[in-house]
Amino acid sequence: MMLKKANILIVDDDYDMLELIQRQLQEQNFHSYKAASVVEAIDILKFNAIDLLITDLQMPGIGGMELIKYVEEHFPKVPKLVITGYPSIDGALKVMKSGALDYIVKPFTVEELKHSVEKSLPKRTQNSESKTPPTNKPTVYAGIVGNSEKIEKLIDLIERVKNNRATVLIQGESGTGKELVARAIHYKGSFAANPFIAVNCGAIPEELLEAELFGYKKGAFTGANENREGFFQAAAGGTIFLDEIGTAPLTVQTRLLRVLQEKEVRRIGEQKARKIEVRIVAATNGDLQQMVKKGSFRKDLYYRLNVVNIETPPLREHKSDISLLAKNFLRKYAGEYAKPKIEFTNKALEMLERYNWPGNVRELENVVQRAIIMSENKIDIEQLPDFLKYPSPKLTSTSKSLQQVEKEHILKIMASVDNNKTKAAEILQIDRKTLRKKLK
Ligand SMILES: Nc1ncnc2c1ncn2[C@@H]1O[C@H](COP(=O)(O)OP(=O)(O)OP(=O)(O)O)[C@@H](O)[C@H]1O
Ligand SMILES: [Mg+2]
């Protein structure tokens with residue numbers, strides 16, 4: 001299912017509440033932005049077409065009522081939904097009762113939230129799923145190949161965020177295309193002419209990362225022989241991609257938080273900070289939330305980064321794209337290896353589709369590349385690596401007898417070699433006679 005049209009902005013200083021509401025809205029296929037303060041919220045409002053504001057009232061610094069007034073003045077068409085602990089104490093009860101605002105009282109159920117959101121949203125945006133023409137479905141978008149629902153949803157998200165500067169956190173298993181998504185956001189967006197700087201936080205030694213990212217002043221530390229700009233400055237006006245953000249040491253995390261909060265960068269050894277406009281896209285294949293719980297990743301930074309959350313799906317969850325992806329890689333490498341006519345047999349494609357791809361798209365790409373090298377004009381199952389033919393059996397809860405397992409295994413191997421007994425016997429490392437006996 002595609003995302004619904006509405007973009008919802010959630011504002012609450014309570015991170016857990018932000019997360020909870022976002023999750024519930026996500027389940028209903030709404031797209032949402034999160035802000036932990038009014039200042040952040042206004043920033044998001046300026047650059048995004050928001051269809052509904054959901055805000056807490058009691059927040060340190062500028063409160064929710066101020067935000068509501070601001071929205072009424074600057075974005076009068078945006079409906080507002082207030083989340084409140086104590087409607088009477090908040091003093092906003094009068095306003096709410098006047099009918100100008102809808103509100104929802106904490107704690108609320110999923111159903112209550114859903115009901116309030118649907119009531120608040122203008123009819124136009126309510127249930128209309130964003131329409132993509134059924135014919136002519138795009139299969140490549142900025143290098144992202146696929147036309148499954150999962151990939152469509154991914155592209156839909158990129159489309160929504162590409163023209164603003166909201167911070168994006170991309171999470172997904174290794175090889176699922178996180179970097180590809182980061183690049184797509186940049187190169188499809190309005191700031192594409194400005195730099196895209198990719199920084200692999202895991203590949204730069206900890207003691208250097210801070211200096212590389214933020215720059216330094218001459219004499220700031222031994223070895224700092226000259227003034228130096230950091231990656232942030234280099235990315236000014238464009239996008240900085242912080243890959244493997246989970247590996248960033250706490251010192252760097254603290255500085256990053258400042259950049260996000262103040263929108264300024266201070267070089268090491270310098271007092272004066274400089275304003276900077278840069279979109280931050282971060283990626284991780286680790287569980288940041290778990291790291292937050294263990295204390296190795298700053299909670300406040302996690303939420304600042306996670307304004308928009310994009311998850312790249314594992315390949316096993318969009319297997320319908322395998323054949324498309326495989327053919328795409330075939331074309332990509334066929335020229336390189338001077339085999340322009342090379343094709344897959346149907347059997348080979350089926351085998352690719354059956355496999356579970358723990359290494360995701362990257363693994364598929366490697367397998368195709370290797371198969372091209374191994375083949376002349378056709379890639380058949382023989383040219384595919386053995387691990388595709390005999391995938392490690394999944395543990396099942398049903399207890400089977402050894403005999404049963406043996407039988408199933410033999411039949412599977414037989415099927416994989418088109419019932420060729422000689423080949424099957426070879427793979428099973430038994431002689432043909434034994435195999436024939438067992439088959440009986
Ligand atoms: N949907 C896709 N369409 C086409 N190519 C893809 C797709 N997803 C991934 N790839 C390709 O797979 C390879 C791995 O992608 P990428 O480097 O973006 O993954 P990653 O999620 O950053 O992995 P890691 O966590 O290991 O860094 C790249 O060559 C990329 O072009
Ligand atoms: Mg990567």
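In the predicted model examined here, Glu 244 is located in the loop that runs between β10 (239–243) and α10 (250–262). The backbone of Glu 244 has a phi near 50°, which is a positive value in a residue other than glycine. A second backbone feature is found at the peptide bond from Lys 106 to Pro 107, which is cis and has an omega near -10°; Pro 107 belongs to the loop between β5 (102–105) and α5 (110–120). Both features may be set against the general pattern, in which most residues other than glycine have a negative phi and most peptide bonds are trans.

The surroundings of ligand 1 were examined next. A shell of 17 residues surrounds ligand 1, and the closest of these are Val 145, Ser 174, Gly 175, Lys 178 and Glu 365. For Val 145, a backbone N or O atom is placed 2.8 Å from a nitrogen atom of ligand 1. On the oxygen side, a polar backbone atom of Gly 175 is 2.8 Å from an oxygen atom of ligand 1, and a polar backbone atom of Leu 180 is 3.2 Å from an oxygen atom of the ligand. Taken alone, ligand 1 exposes 630 Å², of which the protein buries 84%. Two or more residues of the shell are given by each of the elements β7 (144–145), α7 (178–188), α13 (322–334) and α15 (360–374). When the shell is divided by class, six residues are nonpolar, six are polar and five are charged. Because domain 2 (140–313) and domain 3 (316–389) both give residues to this shell, ligand 1 lies between the two domains.

The open space of the protein was then considered. The largest pocket holds about 830 Å³ of space, and 32 residues line it, those closest to its centre being Gln 26, Leu 157, Asn 309, Glu 311 and Thr 312. The elements that give two or more residues to this lining are α1 (15–27), β2 (31–35), α6 (149–161) and β14 (308–311), and the largest share, five residues, comes from α6. By class, the lining of the largest pocket consists of nine nonpolar, 13 polar and ten charged residues. Domain 1 (7–125) and domain 2 (140–313) each supply at least three residues to the lining of the largest pocket.

As to enclosed space, two cavities of 30 Å³ or more were counted. The largest cavity has a volume of about 40 Å³, and its lining is made up of Lys 162, Asn 164, Ile 185, His 186, Gly 189, Phe 191, Thr 239 and Arg 279. In terms of class, the lining of the largest cavity has two nonpolar, four polar and two charged residues. The second largest cavity likewise holds about 40 Å³ of space, and it is lined by Tyr 15, Leu 18, Lys 34, Ala 35, Ala 36, Glu 40, Tyr 303 and Arg 304. Two or more residues of the lining of the second largest cavity come from each of α1, β2 and α12 (299–305). The lining of the second largest cavity has no polar residues, and divides into five nonpolar and three charged ones. The elements α1 and β2 thus appear in the lining of the second largest cavity and also in that of the largest pocket.

Note on methods: Residues are numbered from 1 along each chain as its sequence is written. Chains are lettered from A and ligands numbered from 1 in the order in which they are written. This is a predicted model: local features need pLDDT of at least 70, side-chain atom pairs count only at pLDDT 80 or more; totals for chains, interfaces and linings use all residues. Side-chain values use heavy atoms; hydrogens and water are left out. A residue is near a molecule or strand if one of its heavy atoms lies within 4 Å of it. A polar contact is a pair of N or O atoms within 3.5 Å; within protein, one must be able to donate a hydrogen and the other to accept it, and residues adjacent in sequence count only if both atoms are side-chain atoms. Accessible areas come from the Shrake-Rupley method with a 1.4 Å probe; for residues, only the protein chains shown count as cover. Helices (H or I, at least four residues) and strands (E, at least two) are DSSP runs, numbered from the N terminus. Ala, Val, Leu, Ile, Met, Phe, Trp, Tyr, Cys and Pro count as nonpolar, Asp, Glu, Lys and Arg as charged, and the others, Gly among them, as polar. Domain bounds come from an automatic or database domain assignment. On a 1 Å grid over the protein atoms alone, a cavity is a set of points where a 1.4 Å probe fits but cannot get out, and a pocket is an open set with protein on both sides within 12 Å along at least five of seven lines; lining residues have an atom within 4 Å of a point. Grid points are joined across faces, edges and corners, and a volume is the space filled by probe spheres set on the points.
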